[in-house]
Every structure is written in C-alpha cells, then in structure tokens.
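Q: I have a structure to go through for class, and I'd like to start with one side chain. Can you take me through it step by step?

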Amino acid sequence: MQDNGTSNGQSPMAHYAQEAEKPEPNRPVDTLRDGNLKASIWRNEGENGVSYSTTFARTWRDDQGKWHDSQSYSGADMLRLGELSRTAYHRTSELRREHALEQSQEQSPTRETQSHMDFRKSRGAVSIDQGREHRR
C-alpha cells in the first residue's frame, strides 16, 4: 500500500502542499551535452549581482546501472570538451543578456507605456481626456 500522507492524519492534499513547499535543491539553469560529456551552467547571485559558472563532467554507468560523473577525460574527449566549452560560453552569454533584458524591463516602462508617452510628447503636451482637449 502506498503512503499518500493520510497515515499521520493529514489529507492527501495537505501532504502534497507540504511537498510543494520544500525548497528545490540547487540545479543548473541549463545542461549541454555531447554524448557522455556534459556542461552544467549554474546561476550565482552575490554582492555584485548575477553571474554564471560552468562545470564539466564525463558521465558513466557502473555495473549496477547507477550513473556517475567524472572529471577525468581521455585524449579523444579533449576536442569534444573544447567544443562543448565554446557552446557553454555562448549559452552563458545568452543567459547574461536575458538577465540584463529582464532587469531593464523591470526598471523601465513597458514599450506600450513608453510609446504612449512619446506620442503625448509629440503632440506638444496636449492630451485628450474623455473627448475634451486639455493644454498643460
């Protein structure tokens, strides 16, 4: 029988609500792969704002089928690792641009609001309110 949270007197919904409140473990914002090689991109928030770092690993499976990461690479992995590094560099650049765009949108009026303000300025500070024209 599966425990659905009711054995301790909780309703199943209360159990699921508690599960949803648990903080998620730190996870990469993106993982890039080339065969058994992977680049994990991490978002870091610090005193100087947001930055991104990348870790590289070679994945392998043991005799029991469990996956592991290694930071040891063969000669044949080196060229692929270099290309994966280049791709990770471009992806972190994209993430920085996306973050900067989000920040600028939060700090400035929306395009629609800005366009409306520009239109009003172009009309010499004349606004039309409920069919009547007002001068400032």
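Q: What does Arg43 count as, buried or exposed?
A: Neither: Arg43 counts as partly exposed, at 32% relative accessibility. The scale is relative accessible area with a 1.4 Å probe and protein chains only: under 20% is buried, over 50% is exposed, and partly exposed lies in between.

Q: Before I go on, what kind of model is this?
A: It is a predicted model, where local features need pLDDT of at least 70 and side-chain atom pairs count only at pLDDT 80 or more, while totals for chains, interfaces and linings use all residues. Residues are numbered from 1 along each chain as its sequence is written, and side-chain values use heavy atoms, with hydrogens and water left out.

Q: Ok, back to Arg43. Which residue does it form a salt bridge with?
A: With Glu45, the closest N and O atoms being 3.2 Å apart. A salt bridge here needs a side-chain nitrogen of Lys or Arg within 4 Å of a carboxyl oxygen of Asp or Glu. Glu45 counts as exposed, because its relative accessibility is 65%.

Q: How many salt bridges does the structure hold?
A: The structure holds 8. One of them joins the side chains of Asp30 and Arg91, with N to O at 2.7 Å. That pair links distant parts of the chain: Asp30 is in strand β1 and Arg91 in helix α2 (residues 75–107), 61 residues apart.

Q: Why does Arg91 count as buried?
A: Because its relative accessibility is 19%. Arg91 also belongs to a network of salt bridges that links Asp30, Arg91, Glu94 and Glu98.

Q: And which residue does Lys38 meet in a salt bridge?
A: The side chain of Lys38 meets that of Asp69, at 3.1 Å from N to O. This pair also links distant parts of the chain, with Lys38 in strand β2 and Asp69 in strand β4, 31 residues apart. Lys38 counts as buried at 15% relative accessibility, whereas Asp69 is partly exposed with a relative accessible area of 41%.

Q: You keep saying β2 and β4. How many helices and strands are there?
A: The secondary structure comes to 3 helices and 6 strands. Helices (H or I, at least four residues) and strands (E, at least two) are DSSP runs, numbered from the N terminus. Read along the sequence, the pattern is α-β-β-β-β-α-α-β-β.

Q: How many bridges join β1 to β2?
A: 5 bridges join them, and the two strands run antiparallel. Strands pair if DSSP finds at least two bridges between them. β1 and β2 form a hairpin with 2 residues between them, and Gly35 in the turn has a positive phi of about 60°. Leu32 has Ala39 in β2 as its bridge partner.

Q: What stands opposite Ala39 in β3?
A: Phe56 does. Strand β2 (residues 37–46) and strand β3 (residues 49–61) pair in the antiparallel sense over 10 bridges. They form a hairpin with 2 residues between them. Another pair is Leu37 with Arg58 in β3.

Q: Then how many bridges join β3 to β4?
A: 4 bridges join β3 to strand β4 (residues 67–70), running antiparallel. Thr59 stands opposite Asp69 in β4. The hairpin of β3 and β4 has 5 residues between the strands, and Gly65 in its turn has a positive phi of about 90°.

Q: What about Ser70, buried or exposed?
A: Ser70, found in strand β4, counts as buried at 13% relative accessibility. Leaving aside residues up to four places away in sequence, Ser70 touches Ala57, Arg58 and Trp60; touching means contact, that is, heavy atoms within 4.5 Å.

Q: Different topic. What pLDDT does the protein average?
A: It averages 77, and 61% of the residues score at least 70. pLDDT is the predictor's confidence in each residue, from 0 to 100. Among the elements, strand β1 (residues 30–34) has the highest mean, 97, and strand β5 (residues 126–129) the lowest, 43.

Q: Where does pLDDT stay under 50?
A: Over residues 1–7, for which the model has 6 contacts beyond four places in sequence, and over residues 125–136, for which it has 16 such contacts. Where pLDDT is low, the predicted coordinates should not be read in detail.

Q: Last one: what share of the residues is buried?
A: Buried residues make up 18% of the 136 residues in the protein.
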